[in-house]
Amino acid sequence: MKTIQAYRFALDLTPGQQRALLAHAGAARVAHNWALARVKAIVDQRAAERTYGIADEQLTPAVSWSLPALRKAWNEAKATVAPWWPACSKEAFNTGLDALARALKNWADSRTGKRVGRAVGFPRFKSRRRTTPSVRFTTGTIRVEPDRMHVVLPRLGRLKLHESARKLARRLEAGTARIMSATVRRDSGRWHVAFTCEVQRAPRQPARPDAVVGVDVGVKHLAVLSTGELVDNPRHLVAARHRLRALGRAVARKVGPDRRAARRPSNRWRRAAARLARAHARVANLRRDGLHKLTTRLSREYGTVVVEDLNVAGMLANRRLARHIADAGFAELHRQLRYKTAWNGGRLVVADRWYPSSKTCSGCGTVKTKLALSERRYECDSCGLVLDRDLNAARNLAALAAGEVDTAGSGPVVGRGADRKTRLGGPVAGKRQPGTAPAGQTGTVPPQGGTTDRVLTKAH
């Protein structure tokens with residue numbers, strides 16, 4: 001199978017190379033801001049003319065904000081806007097124009113309803129101090145040196161890597177990978193290069209292709225598997241909290257930037273802010289490393305992995321648990337499982353968001369009406385099963401892989417039982433389980449003029 005994969009490596013740059021990269025990132029920012037000012041002036045002018053009652057056909061002509069149109073306009077004006085343009089690669093200017101073209105398209109699609117999700121605002125100008133320096137190369141000489149410790153990029157020349165690029169070099173030498181672009185970016189004071197490659201991956205099969213595992217993620221344990229395994233939550237942010245607080249207080253004591261007073265930060269403030277950024281980056285790297293190891297092991301061992309579609313945005317509204325939920329990285333775990341199961345020939349099943357995995361008894365299937373978050377052990381009133389709450393949920397998730405009914409586009413889900421919100425002490429409508437329709441009845445809608453018999457159970 002062919003897939004798009006990125007290989008990211010840290011760089012060890014000389015001061016001259018860092019200045020060259022900053023110049024390229026600045027060129028991208030200049031091109032972005034110039035094109036945005038041009039588009040914004042036309043948009044504002046047309047909006048003002050509409051308030052005067054001018055007909056649409058008489059408005060100021062609109063400009064195209066596609067990448068070819070922006071690049072053509074920039075090439076016509078770059079001699080005046082940026083007379084120093086020959087000092088930087090053309091890819092630097094293309095980086096800023098491409099980012100603006102994508103942002104404008106997302107904004108337009110969001111307004112017209114073509115883009116799902118949260119509303120996208122109009123692009124903003126990039127600041128020299130607050131924008132992360134980044135430049136992307138798509139043409140020219142982009143290669144990994146034979147020693148696997150150096151890479152070559154256009155106009156920047158030979159750059160030293162902090163680690164070996166043998167994983168990428170082996171694929172390039174075997175002809176199973178092709179470099180499409182290279183992006184150089186500074187994160188937390190360190191420069192990295194990311195190669196976007198088209199990789200030809202050989203077909204793989206999990207070690208246990210017929211095995212099914214349910215994964216219930218949480219705060220107490222990062223993951224509880226239906227096999228009974230408990231994966232501890234390392235809580236990297238909590239472990240580094242005291243150091244982060246001390247570094248944050250050190251930054252607050254320094255003379256920082258003040259836009260209202262046009263005050264620039266002191267050198268001590270810059271060094272203190274860099275130390276704080278490195279501490280945050282270390283926490284993020286530790287979290288990412290742990291999630292990669294867990295998801296790689298699951299996708300390589302089990303043929304089917306079942307997870308739950310969690311409302312993480314809603315869970316973050318709980319101020320008592322928001323920090324711990326964000327530290328666990330539920331969304332990143334799901335994202336990694338999604339592509340790793342495909343790489344390894346497995347299958348990922350995502351349960352419906354409202355499937356009551358914690359309220360359902362994994363032994364008899366009885367669904368509880370209410371289950372407080374403080375109840376860490378599940379006790380079934382019907383069959384007497386007493387089990388850890390998370391392990392019970394993981395077993396219910398694993399049972400979904402055997403179902404054949406698809407609901408809400410989330411994979412096989414059995415009958416949910418009670419409604420989402422049910423009054424205590426009132427009757428609860430039970431949902432018929434798949435495959436239990438009476439003889440001769442294949443649908444769920446009764447004949448015209450008929451009624452459906454509902455099974456009512458007393459809520460406890």
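Is alanine 393 buried or exposed? I looked this up before anything else, bearing in mind that the model is predicted.

**Entry: alanine 393.** I located alanine 393 in helix H11, which covers residues 389-400. Its relative accessible area is 0%, so I recorded alanine 393 as buried, the cut-off being under 20%. I then checked its distance to cysteine 361. The two residues are 32 apart in sequence, and their C-alpha atoms lie 8.4 Å apart in space.

**Entry: the open sheet.** I traced an open sheet of seven strands and noted the order E2-E6-E7-E1-E5-E4-E3, with antiparallel pairing. Strand E2 (134-137) and strand E3 (143-144) each have a single partner strand and stand at the edges, so one side of each has no neighbour in the sheet. Within this sheet I examined E6 and E7. Strand E6 comprises residues 177-187 and strand E7 residues 190-200; they run antiparallel and are joined by ten bridges. As one example of the register, I found that isoleucine 179 has cysteine 197 in E7 as its bridge partner.

**Entry: strands E8, E9 and E10.** I turned next to strand E9, residues 221-225. Five of its five residues are buried, and I therefore describe E9 as mostly covered, with buried meaning under 20% relative accessible area. On one side I followed E9 to strand E8 (residues 208-217), to which three bridges join it in antiparallel fashion. E8 and E9 form a hairpin with three residues between them. Here aspartate 216 stands opposite valine 224 of E9.

I also followed E9 to strand E10 (residues 230-232). Three bridges join these two strands, which run antiparallel. Valine 224 appears again in this pairing, with leucine 230 in E10 as its bridge partner. I noted four residues between the strands in the hairpin of E9 and E10, where glycine 228 takes a positive phi near 100°.

**Entry: a charged surface patch.** Which residues gather in the patch of positive charge on the surface? I listed Arg124, Arg128, Arg129, Arg130, Arg259, Arg264 and Arg270. I selected arginine 128 from this list for a closer look. I placed arginine 128 in the loop between helix H3 (90-112) and E2. Its relative accessible area is 52%, so arginine 128 counts as exposed, for which the cut-off is over 50%. The same loop leads my notes back to E2, which I had already entered as an edge strand of the open sheet.

Definitions and conventions. Residues numbered from 1 in each chain as written. Predicted model: local features only at pLDDT ≥ 70, side-chain atom pairs only at ≥ 80, totals over all residues. Heavy atoms only, no water. Pairing = 2+ DSSP bridges. Patch = residues over 30% accessible without salt bridge, like charges linked within 9 Å, V, L, I, M, F, W, Y side chains within 5 Å. Areas by Shrake-Rupley, 256 points an atom, 1.4 Å probe, with all protein chains shown as cover. Salt bridge = Lys/Arg side-chain N within 4 Å of Asp/Glu carboxyl O. Lys, Arg positive; Asp, Glu negative; His and termini not counted. Charge placed at Lys NZ, Arg CZ, Asp CG, Glu CD. Buried < 20%, exposed > 50% of the residue type's maximum accessible area, 1.4 Å probe, protein only.
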